[in-house]
Amino acid sequence: MLSTIEKLLFLKEIELFQSLSHEDLAQVAQIAIEVEIEENETFIVEGDIGDALFLILEGRVSIHKGNQVLTTLGEKEPIGEMGILDSSPRSASCSAVSDLRVLKIERDDFHELMADRLGIAQGIIKGLLSRLR
């Protein structure tokens, strides 16, 4: 299991969080939970309400709609970043291609943190905008 400092160092490398201050990043690291997911396990189901953001520590993830694979993601990539901001249905399913370790950030915990620290919300919005551009 990663320490809070190790989580913080990992989060600094994620584009989504790069504009956050060290203090804000430390707050995010405290609510990030390390989770292990077994190979072939589907952990996000298309149509379910988005309730968490996942950051890949180790392993690979298949993003798919039915049997059609849209893309495969690997280390240091975020999954479900829109789900942390709103309650929209997931647009695709995600399955572990290999054994997987992720940091999971629950939407409710993140919203609570954003309510206390405006810089986090602003940083995430900047990160999302840069990904969209």
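Two strands are taken as paired if DSSP finds at least two bridges between them, and the exercises below apply this to a predicted model.

**Exercise 1. Find which residue in strand 7 is the bridge partner of S62, and place strand 4 in its sheet.**

Step 1. The bridge partner of S62 in strand 7 is S95, and H64 has S93 as its bridge partner in that strand.

Step 2. Strand 4 and strand 7 are joined by four bridges and run antiparallel; since pairing requires at least two bridges, the two strands therefore count as a pair.

Step 3. Turning to strand 5 (residues 68-73), we find five bridges that join it to strand 4, again with the strands running antiparallel, and here I63 stands opposite T71.

Step 4. The link between strand 4 and strand 5 is a hairpin with two residues between the strands, and G66 in the turn has a positive phi of about 60°.

Step 5. The whole arrangement is an open sheet of four strands in the order 2-7-4-5, with antiparallel pairing. Strand 2 and strand 5 stand at the edges with a single partner strand each, so one side of each has no neighbour in the sheet. On average, and with direction ignored, neighbouring strands of this sheet are turned by 35° against each other.

Step 6. As for covering, strand 4 (residues 61-65) is mostly covered, with four of its five residues buried.

**Exercise 2. Determine which parts of the chain are tied together by the salt bridge between K65 and E46.**

Step 1. The side chains of K65 and E46 meet in a salt bridge, with 3.2 Å from N to O, and the cut-off for such a bridge is 4 Å.

Step 2. K65 belongs to strand 4, whereas E46 lies in the loop between strand 2 (42-44) and strand 3 (52-58), so the pair ties together parts that are 19 residues apart in sequence.

Step 3. K65 counts as partly exposed because its relative accessibility is 36%, and E46 likewise counts as partly exposed at 36%.

Step 4. This pair belongs to a count that comes to seven salt bridges.

**Exercise 3. Decide whether G83 is buried or exposed, and describe what surrounds this residue.**

Step 1. G83 is found in the loop between strand 6 (78-79) and strand 7 (93-96).

Step 2. The relative accessible area of G83 is 6%, and G83 is therefore buried, the limit for that word being under 20%.

Step 3. If residues up to four places away in sequence are not counted, G83 touches G50, D51, A52, R90 and R107. G50 and G83 are 33 residues apart in sequence, yet their C-alpha atoms are 4.1 Å apart in space.

Step 4. Two of the residues that G83 touches, R90 and D51, form a salt bridge with each other, their closest N and O atoms being 3.8 Å apart. R90 lies in the loop between strand 6 and strand 7 and D51 in the loop between strand 2 and strand 3, so this pair ties together parts that are 39 residues apart in sequence.

Step 5. R90 counts as buried at 11% relative accessibility, while D51 counts as partly exposed at 37%.

**Exercise 4. Work out which residues are joined with E58 into one network by salt bridges that share partners.**

Step 1. E58 forms a salt bridge with R101, and the closest N and O atoms are 3.7 Å apart. The pair links distant parts of the chain, for E58 is in strand 3 and R101 in strand 8 (residues 100-106), 43 residues apart.

Step 2. Salt bridges that share partners join E34, E58 and R101 into one network.

Step 3. Within this network, E58 counts as partly exposed, at 42% relative accessibility.

Technical notes. Residues numbered from 1 in each chain as written. Predicted model: local features only at pLDDT ≥ 70, side-chain atom pairs only at ≥ 80, totals over all residues. Heavy atoms only, no water. Buried < 20%, exposed > 50% of the residue type's maximum accessible area, 1.4 Å probe, protein only. Contact = heavy atoms within 4.5 Å. Axes fitted to C-alpha atoms, helices over the stretch in contact; angles between N-to-C directions.
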